[in-house]
Amino acid sequence: VRAEDGASSSIPTYNQDLFDVVTANSGSHPNYRTHMKVDFAIVKENVKSNGTGDWQVLTRPMGGHRVQLASSFEGDDVGSVTNFRWAAKGPSNAISTNGQHGKNGLWDHDHNSNAVGSFWKSGPTFDYVQWWGNASPPRTIAHNLGKEPEFMMGRRWHTNGGNAGWNIYCKPAGNTKYFDGIGSGSISTGSSRWNNTTPDKDNFYLGSTGDLNMNERWHWMGLWASVDKLCKIGSYYGNGTDNRTVSCGFQPRWLLLRRLDGASDWCVFDVANASNWTYYVRWNSGSSRIAANQVTIASDGFQVDNSSNSGNNFNGSGQHWFFMAHA
């Protein structure tokens, strides 16, 4: 039986079948309740109370083994999680004490009601791949997205496998560019990540870095692509004006912005954190969310202003900004 993936799955009619962003439910099961069975999650406690804390990254094949988003730390003690399980299919009103069926989401997590999480399910907009490293570059890795990936983030993900940060690919930057970790610095240039080769509808390509191909260690890659009315990935050049609309073809619930030609934060706007996007969070920082009015939701996308906020000017003249938006 073939697994659900981008190449075989039909396009859903409901956008939350593939992506969801929700507030945690303190003391409830599941702690994060989503509309779909989740394959990948990025979560943080105390977001809505302007608190601090580490971003936790979790994925289905790695079970309860979590890693940090803004660090090369490799370990299991990013937070206190017990009996980590994902809900399987079942009646929406059924709750199993062991978390094996019933409501979908992230079970038995300890995050409070001010926590916010972003969740993805494999399908037309997102796929994930695991592979066993062989330290023999270059390397070709197959995926099931069914189209060319436009955004990829991967790392060595192996219990006691040593420290390894995230490696980020953004199609608008090209196949010689990569972000070495989720930090605020500028993008890097070289062949060590993607072997100067653009990923295609069947494969992505690795260079010499041990972050993605260390011998006898597990590695993981998430891959994203645009789908009409569900997900839009692209870039724009700032023109120095206010109220500039960037079209997505839908009204987004979630937006990632990152400058490609200079330093900036990894800025995320979402409706769970603030329904009108009056705040944003930074993937590269565990500090509190930031009040903002420089980016607003539009019926067909989002609007950006030429105004600096914590060093981020989302429509600064000539600046090249990457974006990924979800409906």
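# Exercises on strands, cores and cysteines

In this predicted model, strand 19 (residues 254-259) and strand 27 (residues 320-326) run antiparallel and are joined by six bridges.

**Exercise 1.** Determine which residue of strand 27 stands opposite W254, and place the two strands in their sheet.

*Solution.* Strands of a sheet pair through backbone hydrogen bonds, either parallel or antiparallel. Here, W254 stands opposite H326 in strand 27. Next, consider the sheet as a whole: six strands form an open sheet with antiparallel pairing, in the order 17-27-19-20-21-22. At its edges stand strand 17 (231-237) and strand 22 (290-291); each has a single partner strand, so one side of each lacks a neighbour in the sheet.

**Exercise 2.** Describe how strand 24 pairs with strand 18 and with strand 23.

*Solution.* Begin with strand 18 (residues 244-247), which is joined to strand 24 (residues 301-304) by four bridges and runs antiparallel to it. Within this pairing, S247 is located opposite G301. Turn then to strand 23 (residues 295-298), which also pairs with strand 24 in the antiparallel sense, over four bridges. T296 has Q303 of strand 24 as its bridge partner. Finally, examine the connection: two residues lie between strand 23 and strand 24, and the two strands form a hairpin.

**Exercise 3.** Identify the residues that touch the most other members of the largest nonpolar core, and list the contacts of F151 beyond its neighbours within four places in sequence.

*Solution.* The largest nonpolar core contains 36 residues, and F151, W166 and W283 touch the most other members. For F151, set aside the neighbours within four places in sequence; the contacts are then I168, Y169, C170, G222, L223, W224, I233, L256, W266, F322 and M324. Another core, of 20 residues, lies apart from the largest one; F250, I290, F302 and W321 are among its members.

**Exercise 4.** State how many disulfides the structure holds, and examine C231.

*Solution.* The structure holds zero disulfides. For C231, the nearest cysteine sulfur is that of C248, 9.1 Å away. A disulfide requires two cysteine sulfur atoms within 2.5 Å, so C231 is in no disulfide.

**Exercise 5.** Decide whether C231 and C267 are buried or exposed.

*Solution.* A residue is buried when its relative accessible area is under 20%. The relative accessible area of C231 is 2%, so C231 is buried. For C267 the relative accessible area is 0%, and therefore C267 is buried as well.

Key. Residues numbered from 1 in each chain as written. Predicted model: local features only at pLDDT ≥ 70, side-chain atom pairs only at ≥ 80, totals over all residues. Heavy atoms only, no water. Core = buried A, V, L, I, M, F, W, Y, C linked by side-chain atoms within 4.5 Å. Buried < 20%, exposed > 50% of the residue type's maximum accessible area, 1.4 Å probe, protein only. Contact = heavy atoms within 4.5 Å. Pairing = 2+ DSSP bridges.
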